[in-house]
Amino acid sequence: MNRLVRVVVLCLTLLTGERLYSQDPLRTISGVVTNAENGEPLSGASVSPKGSAAGTFTKEDGSFTLQVPSNAKKLQVSYAGYETADTDLGSLTQFEIKLKSSSRQLEDVIVTGYSTQNKRFIAGSIVSVNADDIRNVPASSVNQLLQGKAAGVQVTANSGVPGGGITFRVRGNNSINAAVDPLYIVDGVIISNTELFQTGLGQQKQSNPIADLNPADIQNIQILKDANATAIYGSLGANGVVIITTRRGKLNSDGKISLNVSHGWSDATKKFKLVTGPENGLLVNEARINTAIDQGIDPSTIVLPYNPDTLQTYDRIRDLFRVANTSNYELSAQGGSEKSTYFASIGYLKQEGIVRPSNFERFSARLNYDNYVNSHVKIGTSLNLSRTYRNVSVNDNSPTGVINSAIFPRSFLPIFNADGSYARYGSFDNHIALIKNLDNNAVGWRAIGNVFAEITLFRELKFRSSYSLDYNSLYENNYSNTLISAGIASNGSASSNETKNTVFVADQVLTYIKTFNRKHSVNALLGNSFNNVLYQNTNATGQGFPTNSIKAISAASTRSGSSSQDKSKLVSFFGKASYTYDGKYTIDGSLRADASSRFGTDNRWGYFPSGGITWRASQESFVQDLNFFDDLKFRASAGLSGTQLGIGSYASQGFWASGANYLDLPGIAPSQLANPALGWETTRQVDLGTEFSILDNRLSFTVDYYNKYTYDLLLERPVPSRSGFTVYQDNFGAIRNKGWEVSVHSTNINTSDFRWTTDFNISWNKNRIERLASDIALGASGRNTSIMRQGFPINSFQLYKQLYVDPQTGNAVYEDVNKDGIITSADRQIVGNANPHYTGGLTNTISYKAFDLNFFFYFSQGNKIMNMQNFFLVHGGTQANIGFLPKQLERWQKPGDITDIPRLTTFAGNPTVNGGASNNYGGNVASLSSRYLEDGSFIRLRNVSLSYNIPKSVTSRLHLSSLRAYVQASNLITISKYSGLDPEVSSQGGNQNTAGYDWATVPQPRTLLVGLNVTF
């Protein structure tokens, strides 16, 4: 009979998931659950007899009351983010249970759209990066810290200019005209990506949207990559979402003050090299002789312009580069009382550029404050203030820029005239005159903040109201005096721009989180958002100044000014819900509806749904019986997200403009066609992923496959000119991105004194334009070397394909695509693109007692770079007063020479499939050829960091909590076949469709930095 009872009890246990104590009397116990670190009561902790699902949850004050069987041996208490505690019951009836924080579980609780979730049940693809993962990287910008740290995320510094532009892509380039940067959110504040700079000496992207933040304030970063994760942000999330959470205090914790001081020195690993003066003269003479031969002139009658033996060499490069200093000071305080927490910080960064005269300064201050008014109401604020200063003088790649003015003039030409004045040659300024007299300064002020109130209506139901502001102001003052070309003709020229961008967002969110019978969990939210953007610009210019020392525009003899203003609004409603059964199966879905003022009245609303499923297979008994997986999870998701940024605030409306005057009568005329049907650019994405760990969680893997299809692109379509217009804003075109992502984490050694971990990630992305009305050609300075064409990737290069240099004639031979026997523009073809086949990173962290060593490699493979230095300076002698790179010395000189550099000549001729004249700049259609397109693959030792934590026995005597000394080095080694200064470059980064150009670009600096971190 007893055996039968046991069988029945076992069957009921299997069916209900509960252990039955029907034969045992119950007794009542009570107690309180608190945080072991600060004594804070933990509300909502799960309390139950071990082995039973019959339990309860703690109240707001952490207390609980529970009936347990008299024969129960242990009480089990669990809470998200804390280690599960098993307590002996014995005969006690009162318990005080203190839970310790679990770093592993805290990492599992991550921030998603408008809420937090346990990562184990999330169907979306989300990467979490903690402060410890990035603190060893010396970078002034938060997004630079993420390079190589997250699969599916490509981060490229466009140049080595401090505070300069960053290319940040999540799973490829989604669009042609619309925005492609991710959505940045800092403590719930949506950050604007709008470029405020009006001054530019080239096509580089001047600024970085989050360069105003101090990286030391960061607690963690979540990168939302797939549609299931980003769809809750609707029209803002098509390009991925980067959620940044800054540091906050803890309740009932002692105040801590931290001081971090560091200083670094930077230089260039490679510098520009030019031919010597005698070599330059020799090449010019050779070009003169070859040109005479091509023109049928007896070369013996030619008078050579230079005697190479008499020419000197003037080194302009040494004036250009310098050892740059970086100083950084950070002071912070954090702590909390029984009802409030705080974190406050101030910081100062001064960073010189390795190319004169560029520099960047940032003053920053932050305050995060939370207050628990009572058991039901919490209020708080996050506020970041910053002031930045930039000298934008070397972001150039233009003839008037500092770098071009140093590398373009021939090396035998003197730097100064005989009277000591600056020597100028053709359209190029004197580089020293630019360094000393360029006056292009930009001062920015930024306030990023929010206030919120969170009301607990019931234990499971919370309402949060938040109001946030991103105010960004940039004031640019530029003055060109009479010592540089921009100011000579006008007797001094000045401009002033004040640009402001203000984003105001109001969010109201209702959240419901409930677990029923320990098997059914629901996480749901409902909310709405109002987004208002105001962009303002005021501009003034002046020419003709009485003296170079007076720079105010009010003193100019000729003055003018203008102003503009744009407004846009976005209204949103959204909801999201997930259901988890038995900790194994999760299904979730979301829907967001957005209405944008940018679109036409017929298509103002956009709807963005998503759904996903998760299966934690490791919780299945048949998987557990394998004794192989510690954790095994499969997930799948699909959804839509949209784009409305990147087009004008009034792109759908018809414009009339003044200036259409008739005789002496003023008039207006249509200037933009209206399109009331203009609507959303939409991205549809499918994601399949798995996560698993083995060997007692010492080895873990994450694998994802995704397929993104963006359609209804926001494009300016051409229209017949007889309509009076040339383009029409419309929805047309499609782009696909698909690829694989793999991340691996391993704990190689883990002992009491020694720990070694490795993190590796790699990503493959394939980009393809699926639909386009017609080709769109663009490129450096209007040369149309970049093209967007259906069936090919964005950032493709369209060039003449050089097959070889004829060993007998020295002329370049190009592929005759249309087989008509001559080389014309019709023979241009796509010969590569700037998109890497794959990118990734490898990080090793080694800790031995008080020492920590971290080294990080970043790699990119398969991308092409258009080397514009070679195009201009391996030019075959065709440009007056233009020098040469040493590579020009490898040119063809006599029959039988094998080389890829044609003979020197200025004769254009008529290029044919047999070569013809090879490289006449501006006259020969074959001048921009595949010869200048190079492999940009590289692997770089991005960072090495060594730190030493001073022993407690020492710090306690100094009345310090901790003391850490460290040394960091960045960009120590780069392995690449690229012949330029740096393969990590994008000199045309101001246009998202012209990546992969290198033109007078500042290389990434090699930096050595030492620092000290003290906590009181």
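Two strands count as paired if DSSP finds at least two bridges between them. The exercises below apply this to a predicted model.

**Exercise 1. Establish how strands S48, S49 and S51 are arranged, and name residues that stand opposite each other.**

Step 1. Take S48, residues 938-949, and S49, residues 962-976: eleven bridges join them. The cut-off for pairing is at least two bridges, so S48 and S49 pair, and they run antiparallel.

Step 2. Locate a facing pair between these two strands. Leu946 has Val967 of S49 opposite it.

Step 3. Turn to S51, residues 1005-1015. Nine bridges connect S49 with S51, again in antiparallel direction. Here Ala965 has Leu1012 in S51 as its bridge partner.

Step 4. Combine the results: S49 is joined to S48 by eleven bridges and to S51 by nine.

**Exercise 2. Decide whether the overall dimensions of the chain agree with a compact globule.**

Step 1. For 1016 residues, the radius of gyration expected of a compact globule is near 31 Å.

Step 2. The chain has 33 Å, which agrees with that expectation.

Step 3. Add the extents along the principal axes: the C-alpha atoms fill a box of roughly 125 × 70 × 60 Å.

Step 4. Add burial and contacts. Of the 1016 residues, 53% are buried. Among contacts with a separation of 6 or more, 69% are between residues 24 or more positions apart.

**Exercise 3. Describe the surface and the charges of the chain.**

Step 1. The exposed area is about 43,100 Å², and 55% of it comes from carbon and sulfur atoms.

Step 2. There are 91 positive and 81 negative charges, and their mean positions lie 3 Å apart.

**Exercise 4. Find where Asp696 and Lys849 lie, and state whether each is buried or exposed.**

Step 1. Asp696 belongs to the loop between S32 (681-694) and S33 (699-711). Its phi is near 55 degrees, a positive value in a residue other than glycine.

Step 2. The relative accessible area of Asp696 is 66%. Exposed means over 50%, so Asp696 is exposed.

Step 3. Lys849 sits in the loop between S44 (838-848) and S45 (851-861), and its phi is also a positive value, near 55 degrees.

Step 4. With 57% relative accessibility, Lys849 counts as exposed.

**Exercise 5. Identify the bond that joins Arg356 and Pro357, and place Pro357 in the chain.**

Step 1. Omega is about -5 degrees, and the peptide bond between Arg356 and Pro357 is cis.

Step 2. Pro357 is in the loop that lies between S19 (340-352) and S20 (359-372).

Notes. Residues numbered from 1 in each chain as written. Predicted model: local features only at pLDDT ≥ 70, side-chain atom pairs only at ≥ 80, totals over all residues. Heavy atoms only, no water. Rg over C-alpha atoms; globule rule 2.2 N^0.38 Å. Buried < 20%, exposed > 50% of the residue type's maximum accessible area, 1.4 Å probe, protein only. Contact = heavy atoms within 4.5 Å. Areas by Shrake-Rupley, 256 points an atom, 1.4 Å probe, with all protein chains shown as cover. Lys, Arg positive; Asp, Glu negative; His and termini not counted. Charge placed at Lys NZ, Arg CZ, Asp CG, Glu CD. Helix = DSSP H or I, 4+ residues; strand = E, 2+ residues; numbered from the N terminus.
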